[in-house]
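Here is a short report on a helix contact and a set of paired strands. Look at the structure first, then read on.

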Amino acid sequence: MSSAVDDDLWSAVGDPTRRRMLDLLLAEGSGTATSLSAQLPVTRQAVAKHLAVLDRVGLVHATPSGRERVYRVDDAQLARAVAQLSAVGATWDARLRRIKRIAEAIERSRTQ
Amino acid sequence: MEFGTLERRIHIDASPDVVFEVISRPEHIEEWWADEASLGEPAPGVVGELVWGDREHVATMTVVDADPPRRFSFRWVAPEGEPAAPGNSLLVTFELSPSRGGTLLLLTETGFREKGWEIAVLEEQYRDHENGWDAFLPRLASYAGGLVPR
């Protein structure tokens, strides 16, 4: 079912705070633990930990800037995560669409 | 249960009898789900098998309830070698009702929490299926749409 999904990548985006952080980074282009924590109901320390998780799976990259590290989203890795998550999320929807198509084809062939 | 149930509704322009056949017969299950499916006459306790690829992924399905053409339910993804039961598997239920000359199909899949999966996976399974990631995924999707896959 989810065998094709990279477990670490999956876990990294499985957390709502981390998804919100990715969302903010996408919207603003870049961010630091300080700038992100100002917009989230979590401490700067917690944000830094979440950023480390995202960094480990390659979803964000950091560049040092003075005392802070500036984070940006990695385009390619994000595209990969999106593709995997969309595939898994769409499974029942896709199955139901196929069930509908098959049943309607049978119905048409029987009523002709 | 906060993350207990996934629910979907779909209208199908076919009679409940036809829809019941499609959801419960292995030759049709092979068309909409697994590469290979084996399942006897659907009745409570009957165990079937779903196979993907060259047996790369194999899942058992255990029929819980079969009441043609109204209801078909089964458990799947139980750990290998264990009989499917509440707490170790997902319960999928199809409920069919006549509607506008066709069928209204209600699908539920429950048991995410009982199965005790990793919290992140559990949450992701549920959120992703249920809410489509509300604000996050639409933005990601439009963003990813502009990227060239490698």
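How many bridges join β3(B) to strand β4 of chain B, and in which sense do the two run? This is a predicted model. β3(B) and β4(B), the latter spanning residues 57–67, run antiparallel and are joined by 6 bridges. One partnership here links B:Gly48 to B:Met61 in β4(B). The two strands form a hairpin, with 4 residues between them. B:Gly53 sits in that turn and has a positive phi of about 60°.

β3(B), residues 47–52, also pairs with strand β2 of chain B, residues 36–38. That pairing is antiparallel too, over 3 bridges. Here B:Ser38 stands opposite B:Glu49 in β3(B).

| Strand pair | Sense | Bridges |
|---|---|---|
| β2(B) and β3(B) | antiparallel | 3 bridges |
| β3(B) and β4(B) | antiparallel | 6 bridges |

Now the helices. Two packed helices are described by the angle between their axes and the distance between the axes. Helix α6 of chain A covers residues 91–111, and helix α1 of chain B covers residues 16–24. Their axes come within 9 Å and cross at roughly 130°. α6(A) is therefore oblique to α1(B). The crossing of the two is right-handed.

Which residues make the contact? α6(A) brings A:Ile99, A:Ile102, A:Ala103, A:Ile106 and A:Glu107. α1(B) brings B:Val18, B:Val19, B:Val22 and B:Ile23. Of the residues in this contact, 8 are nonpolar, 1 is charged and none is polar.

Note on methods. Residues are numbered from 1 along each chain as its sequence is written. Chains are lettered from A and ligands numbered from 1 in the order in which they are written. This is a predicted model: local features need pLDDT of at least 70, side-chain atom pairs count only at pLDDT 80 or more; totals for chains, interfaces and linings use all residues. Axes are lines fitted to C-alpha atoms, for helices over the stretch in contact, and angles run from 0 to 180 degrees between N-to-C directions. Angles under 35 degrees count as roughly parallel, over 145 as roughly antiparallel, 65 to 115 as roughly perpendicular and the rest as oblique. A crossing is left-handed if the near helix is turned anticlockwise from the far one by less than a right angle, and right-handed if clockwise. Two residues are in contact if their C-beta atoms, placed from the backbone, lie within 7 Å. Ala, Val, Leu, Ile, Met, Phe, Trp, Tyr, Cys and Pro count as nonpolar, Asp, Glu, Lys and Arg as charged, and the others, Gly among them, as polar. Two strands pair if DSSP finds at least two bridges between them.
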